[in-house]
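Trainee: I would like to go through this structure piece by piece. Please show it to me before I start asking.

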Amino acid sequence: MRKTDTNRIHATNATHADSSLTVIRNLGILAHVDAGKTTVTERILFATGATHQRGEVHDGTTVTDFDPQERDRGITIFAAAVSCDWDGHRLHLIDTPGHVDFADEVERALRVLDGAVAVFDAVAGVEPQSESVWRQADRHGVPRIAFVNKLDRAGADLDTAVASIRARLHPAPLVVQLPIGVEDGFRGVVDLVRGRALMWSEGGLVDGPVPDGLRAEAGRRRRVLEEAVAELHPAALEEFCAEGVLSDGTLRDALRDLTHSGEGVVVLCGSAYRNVGVEPLLDAVVGYLPSPLDVPPVRGTAGAQPGAGDVSGEVPGDTSGDGRAEQVRLADPAAPLAALVFKVSATPTGRMTYVRLYSGAIEKGDLVWDATARRTERIGRILRVQADRHEPLARAVAGDIVAVIGLKSARAGSTLCAPDAPLVLEPPGAAEPVVSVAVEARRAGDTERLAVALARLTEEDPSLVVRADPETGQTLLSGRGELHLEVAVEKLRRANGLDVGRGRPRVTYRETVLRGVAGLVYRHVKQDGGAGQFAQVVLDVAPLDDGFVFGSAVVGGRVPREYVRAVEAGCRDALAEGPLGGHPVTGLRVTLTDGATHVKDSSETAFRTAGRFALRAALRGCAMALLEPVVEVTVTVPEDAVGVVLGDLAARRGRVSGSVAHAGTTAITATVPLAELFGYATRLRSRTQGRGTFTTRPAGYARAPEVVAAG
């Protein structure tokens, strides 16, 4: 997570940048599915006056879950951006999906956020997807505060939930509230920082003194909080040692510093459904999460400038940016524009592009440079987003998250910048798809419309991939899971009026090396008039736990360095199709040990070709194995159904790794091949009379039962 070694840069930002940026908070709401994340978002919108009635997930009336499929399924599928104001601050908030199949939506959102609120169920504590999104936030260095929700549920316990946060996520949880009442009697919290009791009723929030019966416990917990903060914060430690206590101001400043550095996580609690705890959560967002000036300046590589006459067209040339100098852009509206596209969606009114501005400003009619596609684009309209409703803006500045109409080529991950100051920002990553289905138009006249709709679909969701099956000629749609593909196909039907047929899901396999080969010699010779091609390579192939590593052990300059790079490129080309079934190959180390050149006929092209065919030949001589995607599944069932569920998991080749009993239910954790989980939801419901639920998260690849040796 972010550390405080960038304070010097931050101070410079604060000196020269627009002070209005200090009142902006760009945050996301992260959680496991059904932890109450969308309800928290709805209550935030209501408490801030952005909406005038409380939306409910079960009624399909929420602002952020506006898509018909989200309302039908009762879950968040697409990241939705909203804006609201609290205590003189502007909050740009993104409600993210909690289901594992839509983790790429979370990834793209986290790439543009400065902070996040992680929501946890007070009964379940840290759940599988809670942990996954937490790790995603770790990778992006996003500071977080935690909100333990649903304290009004039977079995809810703040201390147990906090213990699971400490044990599974490994931050230092800094609990700043004490619940008033338990389970159905939960009605408020004690603010341990201010020493006040906050109570909610039909009339709203009442701020009063701590009840007599809770003063001793509140005092004890305040002491625990002070000690935990003093252990982590030097200034707080100094005051604690000198005075024996921390002042409220010192405590607040230390909590903010620890949140920004990632050394501590402020923990609040409440029940969003009952409207308890939302206002203190908003205060914590404003008080502890960073503004755009508090995070490190955005960094990118210098991009290519528009060529002469390139007003609206492509510019030829290399777009990789390799070897270009790194540049830093301060969060300053007066600086050159630097913005990142993180989402694209098609609406009835046109193509809408969601953008985070890191520096500079944009106005309606401005020309901007798409440094990724290398095109000049014109800003048509700028919109403040409120889920599916929009408010026109004349201008957007650094720190803003807005939607733009009029961009034609920008995709998720594209960088928009000033034409005279080109910059390429690092795009959000996209995970490889693991499940595929064949799709086809049932009406002959819809084939072309389906192709257009699929292209638009993959533009909106980069984690979807469309390709043609070389053996059957079928169109394959690949994604992150069965639900992901169900939603995509249903969107094709609803949004485009297409009658689409869908085949049975198929997983994406990999191939790996079990036993390698050494000293494979391959000579590439081609003579067809004029300059020929000559390249000779000698390769060793060895197993590797994961991935691909290429090395050279050539001595004496027998293969020049530029040809070594060409051999590596050829080997990477060969990894696309393995000898077992044409699946991608992983888990191998390739070493170039020797080679030979020709004074006239050797070239990078010749050595790339030699590398490709040499590795293909080597793989045919290796002992190979098939790998299949596996997932960690957590099945929660009544105690009387544990036996039948364990038997069913065993039949699906599942390996049980643990179980935890709690309040009449048992949570079983197992690793199961993804292919064995197709249709599992229906089977689980039938075996548990509708009382069983399950969640999954990717666990990589494992060796499939079928092992084929070559050579």
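Trainee: In which helix is the place of Asp248?

Mentor: This is a predicted model, in which local features need pLDDT of at least 70, side-chain atom pairs count only at pLDDT 80 or more, and totals for chains, interfaces and linings use all residues. Residues are numbered from 1 along each chain as its sequence is written, and side-chain values use heavy atoms, with hydrogens and water left out. Helices (H or I, at least four residues) and strands (E, at least two) are DSSP runs, numbered from the N terminus. By that numbering, residues 248–261 form the helix that holds Asp248, namely helix 9.

Trainee: Which residues is Asp248 in contact with, leaving aside its neighbours within four places in sequence?

Mentor: Contact means heavy atoms within 4.5 Å. The C-alpha atoms of Asp248 and Arg194 are separated by 6.7 Å, with these positions 54 residues apart along the chain. With neighbours within four places in sequence left aside, the contacts of Asp248 are Val193, Arg194 and Arg222.

Trainee: Is Asn149 buried or exposed?

Mentor: Buried means under 20% relative accessible area, exposed over 50%, and partly exposed in between (1.4 Å probe, protein chains only). Asn149 is in strand 5 (residues 144–149), and it touches residues including Ala35, Val119, Asp121 and Gly270. Its relative accessible area is 3%, so Asn149 is buried.

Trainee: How many residues does the largest nonpolar core have?

Mentor: A nonpolar core is a set of buried Ala, Val, Leu, Ile, Met, Phe, Trp, Tyr and Cys residues joined through side-chain atoms within 4.5 Å. In the largest one, the residues with the most contacts inside it are Val117, Ile145, Leu225, Val229 and Leu255. Helix 10 (residues 278–288) gives the most to this core, with seven residues. The size of the largest core is 49 residues.

Trainee: And how many residues are in the second, separate core?

Mentor: Its members include Leu464, Leu477, Leu485 and Val645. The count for this second core is 34 residues.

Trainee: How many bridges join strand 14 to strand 15?

Mentor: Two strands pair if DSSP finds at least two bridges between them. Strand 14 and strand 15 run antiparallel, and one bridge partner of Ala346 in strand 15 is Arg351. Strand 15 also pairs with strand 22 (residues 401–405) in the antiparallel sense over five bridges. Between strand 14 and strand 15, the number of bridges is nine.

Trainee: How many of the ten residues of strand 15 are buried?

Mentor: Tyr354 is one buried residue, at 7% relative accessibility. Strand 15 is largely enclosed by the rest of the structure, because the number of its ten residues that are buried is nine.

Trainee: What is the angle between the planes of Phe342 and Tyr354?

Mentor: A pair of aromatic rings is described by the distance of the centres and the angle of the planes. Rings of Phe, Tyr and Trp (its six-membered ring) pair if their centres lie within 6.5 Å; planes under 30 degrees apart count as stacked, over 60 as edge-to-face and the rest as tilted. A search of the whole structure finds five such pairs. Phe342 and Tyr354 form a tilted one, 6.2 Å centre to centre, and the angle between the planes is 55°.

Trainee: Where do Phe342 and Tyr354 lie?

Mentor: The two residues are twelve residues apart, and the pair links distant parts of the chain. Phe342 counts as buried, at 4% relative accessibility. The places are strand 14 (residues 338–347) for Phe342 and strand 15 (residues 350–359) for Tyr354.

Trainee: Which strands stand at the edges of the open sheet with the order 31-32-35-33?

Mentor: This sheet of four strands has mixed pairing. Strand 31 and strand 32 (residues 533–543) pair in the antiparallel sense over eight bridges. An edge strand has a single partner strand, so one side is left without a neighbour in the sheet; this holds for strand 31 (517–526) and strand 33 (548–552).

Trainee: How far is Arg144 from the ring centre of Trp134?

Mentor: A charge sits over a ring if NZ of Lys or CZ of Arg is within 6 Å of the ring centre and within 35 degrees of the ring normal. The charged end of Arg616 sits over the ring of Phe613, 5.5 Å from its centre. Arg144 lies over the face of Trp134, and its distance from the ring centre is 4.4 Å.
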